[in-house]
Amino acid sequence: MDNGILYICRLENVAEDGDMPSEKLVKINRHWYEERVIGMNRQYLAKGVNEQIDLMARIHHARKVRIGMFAVLGNGEQYRITNVTHITDGLRYTDLTLERLDEFYDVATETEDTP
């Protein structure tokens, strides 16, 4: 798994009580990832339901990752997680199907993170 670092994030309101809402991506954990090949069948099936697959990434087993969370690559690119597949074939992996965001969210700094 050597394509770089991928952060799993969730979208949260990081504003103080009483302030205007401020939604930012909050990093949950970090993984090394491997970019996977997107097969033609998978691409056509996604287009059939008006979805787009921009990247498939494999990370070490991460049972808490859910559809609707976000992935931020080490280079700053942001994706919505549209599918999660847990694989156990001797080793345990999680494959993520990712759709690139048209508009990026701000990423919360360490001091803004919620517990």
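**Exercise 1. Find the residue in β6 that stands opposite histidine 60, then follow the pairing outward.**

Step 1. Histidine 60 stands opposite tyrosine 93 in β6. This is a predicted model.

Step 2. Look at the strands around this pair. β3 and β6 run antiparallel and are joined by six bridges.

Step 3. Now take tyrosine 93 again. Isoleucine 87 also has tyrosine 93 of β6 opposite it.

Step 4. Widen the view to β5 and β6. These strands run antiparallel, with 10 bridges between them.

**Exercise 2. Describe the turn between β5 and β6.**

Step 1. Count the linker. The hairpin has one residue between its strands.

Step 2. Check the backbone. Glycine 90 takes a positive phi near 95° in this hairpin.

**Exercise 3. Work out how the strands are arranged in the whole fold.**

Step 1. List the elements. The chain has one helix and six strands.

Step 2. Read along the sequence. The pattern is β-β-α-β-β-β-β.

Step 3. Trace the sheet. Six strands close into a barrel, in the order β1-β2-β3-β6-β5-β4, with antiparallel pairing.

Step 4. Add the twist. On average, neighbouring strands of this sheet are turned by 50° against each other, direction ignored.

Step 5. Inspect one pairing, β4 with β5. It is antiparallel and spans three bridges. Within β5, glutamine 78 is the bridge partner of valine 72.

**Exercise 4. Locate the nonpolar cores and say which elements build the largest one.**

Step 1. Start with the largest core. It has 16 residues. Those with the most contacts inside it are Leu6, Ile8, Val65, Ile81, Leu96 and Leu98.

Step 2. Map the core onto the elements. β1 (4-13), β3 (55-60), β4 (70-73), β5 (78-89) and β6 (91-100) each give two or more residues to it.

Step 3. Look for another core. A second, separate one has six residues, including Leu25, Phe70, Val72 and Leu101.

Step 4. Zoom in on leucine 98. Leaving out residues up to four places away in sequence, leucine 98 touches Leu6, Gln52, Ile53, Asp54, Leu55, Ala57, Ala71, Tyr79, Arg80, Ile81 and Thr82.

**Exercise 5. Characterise the chain by burial, contact range and surface.**

Step 1. Burial: 36% of the 115 residues count as buried. The cut-off is under 20% relative accessible area.

Step 2. Contact range: take contacts between residues at least 6 apart in sequence. Of these, 53% join residues at least 24 apart.

Step 3. Surface: the accessible surface comes to about 7,500 Å². Carbon and sulfur atoms account for 46% of it.

Notes: Residues are numbered from 1 along each chain as its sequence is written. This is a predicted model: local features need pLDDT of at least 70, side-chain atom pairs count only at pLDDT 80 or more; totals for chains, interfaces and linings use all residues. Side-chain values use heavy atoms; hydrogens and water are left out. A nonpolar core is a set of buried Ala, Val, Leu, Ile, Met, Phe, Trp, Tyr and Cys residues joined through side-chain atoms within 4.5 Å. Buried means under 20% relative accessible area, exposed over 50%, partly exposed in between (1.4 Å probe, protein chains only). Helices (H or I, at least four residues) and strands (E, at least two) are DSSP runs, numbered from the N terminus. Contact means heavy atoms within 4.5 Å. Two strands pair if DSSP finds at least two bridges between them. Axes are lines fitted to C-alpha atoms, for helices over the stretch in contact, and angles run from 0 to 180 degrees between N-to-C directions. Accessible areas come from the Shrake-Rupley method with a 1.4 Å probe; for residues, only the protein chains shown count as cover.
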